[in-house]
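Here are some exercises to try with the model open beside you. Work through each task first, then compare your steps with the solution.

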2 protein chains.
Amino acid sequence: MIRYSKQRECILNYLNSVTCHPNVEKIYTEVKKEIPNISLGTVYRNLNQLAESGKIQKLITGNNAEHYDGRTDLHSHVICRKCGKIEDICTDFSEHIELESISDYSNLSYKLTFYGICPECSREENAKINNS
Amino acid sequence: MIRYSKQRECILNYLNSVTCHPNVEKIYTEVKKEIPNISLGTVYRNLNQLAESGKIQKLITGNNAEHYDGRTDLHSHVICRKCGKIEDICTDFSEHIELESISDYSNLSYKLTFYGICPECSREENAKINNS
DNA sequence: ACTAATAATAGTAATTATTATTGATTGTGA
DNA sequence: TCACAATCAATAATAATTACTATTATTAGT
């Protein structure tokens, strides 16, 4: 049985209040402002539970640290290869991807993730080249 | 300058000889059969280097452990939500995904990953339901 | 409202995956 | 062949996550 806790509510509220895709550390420090003695384990436990119950989304980014998204609708992300920043992609591809025909796995879903260099990192890169 | 090492060659050979998508531990134990005193650090270092130089592909699966793929062409994977098994998907979607129009990031690429329940895990699931 | 049952918590220890360090060894261009 | 940087094995260190335990808080039933 799942019962209320103000810690979990606070975590969910935070994720719903931002458009970024924070990692656990960021979530921890933000929620700490509301509940100063919250424990990191509590944050992990509740994030997993919220993701399990579909109230938030766990993102797999490859930046060896879990990131979370308050949006639960199907959408894509673009991740910067340099700085690891994550942004939403609004274009919808679902009409092009017919899940049934893909494989013999059941309950199929998909994740479409883009990787690139964000404008800020591109600018830095160019500055470096011009200076050398 | 990159120079030859039998350890790296052995790792690459192993990855090219299998169609599965092993994690570091599996690669380590397999390569150990050829080179018994190889060090785990060496496996990590060479996997990163091989991935960097594009000879193999690092997979981001969410099963908090890196997996690697000897295939370097653009293809998709399907991952079982239960047991974490990874398999190749042959269908090509690239014609549906126009990278340029996606975002203001440069050097864009994408990863399309499917999640589902594999036939084996489905069967287990059904057996469980029938027994209870 | 009171209480018993137990889910959730804080704090901390343990685990797991990965990277860094170090000093010895080895491959390669000169 | 020789000099030297790349690579190695072994091990220590770090980072991310999970597990443990005694305490606190929520909830269902009275």
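A polar contact is a pair of N or O atoms within 3.5 Å; within protein, one must be able to donate a hydrogen and the other to accept it, and residues adjacent in sequence count only if both atoms are side-chain atoms. This is a predicted model, where local features need pLDDT of at least 70 and side-chain atom pairs count only at pLDDT 80 or more, while totals for chains, interfaces and linings use all residues. Residues are numbered from 1 along each chain as its sequence is written, chains are lettered from A and ligands numbered from 1 in the order in which they are written, and side-chain values use heavy atoms, with hydrogens and water left out.

**Exercise 1. Find polar atoms of chain A that approach DNA strand C, then describe the surface around them.**

Step 1. Start with the phosphates: a polar side-chain atom of N46(A) lies 3.2 Å from a phosphate oxygen of DNA strand C. N37(A) uses a backbone N or O atom, also placed 3.2 Å from a phosphate oxygen of this strand.

Step 2. Now look at a base: S39(A) has a polar side-chain atom 3.0 Å from a base nitrogen of DNA strand C.

Step 3. Add the elements, where helices (H or I, at least four residues) and strands (E, at least two) are DSSP runs numbered from the N terminus. Two or more residues of the surface near DNA strand C come from each of α1 (6-17) and α3 (40-52) of chain A and α3 (40-52) of chain B. The most, 3 residues, come from α3(A).

Step 4. Widen the view to every residue near the strand, meaning one with a heavy atom within 4 Å of it. There are 19 residues around DNA strand C, and R3(A), S5(A), T42(A), R45(A) and Y44(B) come nearest. Of the strand's atoms within 4 Å of the protein, 70% belong to sugar or phosphate and the rest to bases.

**Exercise 2. Describe how the two domains of chain A meet.**

Step 1. Set the bounds, which come from an automatic or database domain assignment: domain 1 is 1-72 and domain 2 is 74-132 in chain A. Their centres, taken over C-alpha atoms, are 22 Å apart.

Step 2. Count the contact (heavy atoms within 4.5 Å): domain 1 of chain A and domain 2 of chain A give 10 residues each.

Step 3. Take the buried area, the accessible area (1.4 Å probe) that two parts lose on being put together, summed over both. Between these domains of chain A about 830 Å² is buried, with 49% from carbon and sulfur atoms. On the domain 1 side, H21(A), T61(A) and R71(A) lose the most area to domain 2, together 50% of what that side buries.

Step 4. Look for a salt bridge, a side-chain nitrogen of Lys or Arg within 4 Å of a carboxyl oxygen of Asp or Glu. The rule finds 1 across this domain interface. The side chains of R71(A) and D88(A) form a salt bridge at 3.4 Å, N to O.

**Exercise 3. Describe the interface of chain B and chain A.**

Step 1. Each chain brings 34 residues to the contact.

Step 2. The buried area is about 2,700 Å², and carbon and sulfur atoms give 64% of it. In chain B, I60(B), I102(B) and Y105(B) lose the most area to chain A, together 24% of what that side buries.

Step 3. The rule finds 0 salt bridges between the chains, but 15 residue pairs in polar contact, both at pLDDT 80 or more.

Step 4. On the side of chain B that touches chain A, β3 (76-80), β4 (86-89), β5 (106-117) and α4 (119-131) each supply at least two residues. The largest share, 12 residues, comes from β5(B).
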